[in-house]
Amino acid sequence: MENLLKKTCLHDLHVELGAKMSPFAGYDMPILYSSIIDEHNAVRQAAGVFDVSHMGEIFVSGPQAEAFVSHVFTNDVRGMEPGRILYGMMLYPDGGTVDDLLVYKETEADHYLLVVNAANIATDYAWLLEQAEGFDVKVDNRSDDWGQIAVQGPEAEKFVCGTLGFPEAAALGFYTFCDCCRDGKRVIVSRTGYTGEDGFEIYAAPGQVRAYWQALLDAGVKPCGLGCRDTLRFEAGLPLYGDELTAEISPVMAGLGMFCKLDKPEFVGKDALVAQKAEGVARKLVGIELSDNAVPRAGYPVELEDGLPVGVVTTGYHSITLDKSICFAMVDSAYAALGTPLWIRIRKRVFPGVVVKKRFYQTKYKK
Amino acid sequence: MSKIADGLLYSESHEWVKVDGNVAIIGVSDFAQAEMGDITYVELPDVDDDVTAGEDFGALESVKTSSELIAPVSGKVVARNDALEDQPELINEDAYAAWIIKVEMSDESELDALLNAADYAKTIE
């Protein structure tokens, strides 16, 4: 079984560090090195580095690249300036989500980079090829050629500019990137992340990624696993495909309508979203805060006081930063308003909670 | 390598039992705490609750997972370690010092079904 799992370019270094490894999205990935709590706190308070080489890189180019990306992507890429990045989704015609992704507008005209979830690379690539019919574009899945690390935390800039030697990163605003060239190879440095903190994501060839990883560890940056990647993104109110976005969950249901530009003439899934906005959706994603320390987990039922089931938990933790039990849950829209009391069944007992904003933690992005 | 304390009895679900007369002092093994990682919450039964061998009497929560605590013996809860409510990490620090509950056994022959330290060691190899 283990032999069927893919390995990132940093895999042997994780094993050497004694990481607890586990399958994720078809890769054998580090879940934690020392402790999820310590790694989580390092990112909130100083800096941590993640191996995110499993993420997918799909390049789109050609005379109709803008029209094509605009067709498959919910956000508005028309007239996007080179060096800018947009977050959004690809949708099925019924509004269900194919994936959520980042679109990078490259310096070269008619060139875009789509960064997609590891678990969805094959699906996304097939979807893009299918949708590309009739467009004069080239869709190129280069996921295996690129490694990627995320350097996240209030001290990330210091390490990316200094330790890694990318002084140009200091001038980057949130959701912008620069193209760098090192040893004749392309390196992309973007001010993005999945933690709610300031930070950078660096895309490079595997050999360079290994050198950057080692340099950061030598400089004292904490290696961080997927365990705290999930606790961090969750506190910051960020969805995970598979939990808060799926083929059955549209961005409108997930509360991500702001990333879907319904004033665009068209995109796949637009009509469905327009209808969902007009008619309302049956279920909505909410945040729930419990008054007890018991931990709501994915799949646990959400109920009314009388025991009537009205939803299900999608992600839940005892928040490391906030020291309280919180979760995302998909609930009947009638019970989605802020302040609504809801109960969560945890094993044999039921614990009271209240609907709160999904952004549990005040994010600290550099504007 | 996880520690296995001699002189205790163990269940295959990783609880340990220290026998003190007709009272069973119950905790979880070092292997169990290491597998779970940072423990953030311990769900305890109340004193005077009845527990049944093979059935859950509470749970441990770590950041990532929850794990039910399975009673190795049947009986009445006569004490619970309330310190774990505020300091669940005591289990991570020393799993054999951080007892969870004490049970007045109703059937001491249930102890015969538990493993000694050497046999428990084989189950986690």
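A salt bridge here is a side-chain nitrogen of Lys or Arg within 4 Å of a carboxyl oxygen of Asp or Glu. With that rule, A:R44 bridges to A:E197, with 2.9 Å between the closest N and O atoms. What you're looking at is a predicted model, where local features need pLDDT of at least 70, side-chain atom pairs count only at pLDDT 80 or more, and totals for chains, interfaces and linings use all residues. Residues are numbered from 1 along each chain as its sequence is written, chains are lettered from A and ligands numbered from 1 in the order in which they are written, and side-chain values use heavy atoms, with hydrogens and water left out.

**View 1. A:R44 and A:E197, a pair from separate parts of chain A.** A:R44 sits in helix α2 (residues 36-45) of chain A and A:E197 in the loop between β11 (185-190) and β12 (199-204), so the pair ties together parts that are 153 residues apart in sequence. Helices (H or I, at least four residues) and strands (E, at least two) are DSSP runs, numbered from the N terminus. Are these two residues buried or exposed? A:R44 counts as buried at 9% relative accessibility, and A:E197 is buried too, at 3%. For these labels, buried means under 20% relative accessible area, exposed over 50%, and partly exposed in between (1.4 Å probe, protein chains only).

**View 2. Where chain B meets chain A.** Here 15 residues of chain B are in contact (heavy atoms within 4.5 Å) with 19 residues of chain A. The area buried between the two chains is about 1400 Å², and carbon and sulfur atoms give 45% of that. Buried area is the accessible area (1.4 Å probe) that two parts lose on being put together, summed over both. B:Y41, B:V63 and B:K64 supply 41% of the area that chain B buries against chain A, more than any other three residues.

**View 3. Polar and charged pairs across the interface.** The rule finds five salt bridges between chain B and chain A. One pair to look for is A:R347 with B:E61, whose side chains meet in a salt bridge at 3.2 Å, N to O. There are also 13 residue pairs in polar contact across the interface, both residues at pLDDT 80 or more. A polar contact is a pair of N or O atoms within 3.5 Å; within protein, one must be able to donate a hydrogen and the other to accept it, and residues adjacent in sequence count only if both atoms are side-chain atoms. On the chain B side, the elements giving two or more residues are α1 (30-36), β4 (39-43), β6 (56-62) and β7 (66-70). Of these, β6(B) gives the most, with four residues.

**View 4. Helix α7 of chain A and a charged network.** Ten of the ten residues of α7(A) (residues 226-235) are buried, so the helix is largely enclosed by the rest of the structure. Among the buried residues are A:D230 and A:R233. Those two are linked with A:D243, A:E244 and B:K64 in a network of salt bridges. Just after the helix, A:G237 takes a positive phi of about 80 degrees.

**View 5. Strand β3 of chain A and its neighbours.** A:G48 and A:F50 point one way from β3(A) (residues 48-51), while A:V49 and A:D51 point the other way, and all are buried. Strands count as paired if DSSP finds at least two bridges between them. β3(A) pairs antiparallel with β9(A) (residues 147-152) over four bridges, where A:F50 has A:A150 as its bridge partner. With β13(A) (residues 222-224), β3(A) runs parallel, joined by three bridges; there, A:V49 is partnered by A:P223.

**View 6. Strands β15, β16 and β17 of chain A.** Seven of the ten residues of β16(A) (residues 309-318) are buried. β15(A) (residues 301-303) pairs antiparallel with β16(A) over three bridges, and β16(A) does likewise with β17(A) over seven. In the hairpin of β15(A) and β16(A), with five residues between the strands, A:G307 takes a positive phi near 95 degrees. A:E303 has A:P309 as its bridge partner in β16(A), and forms a salt bridge with A:R345, closest N and O atoms 2.8 Å apart. That pair links β15(A) to β18(A), 42 residues apart.
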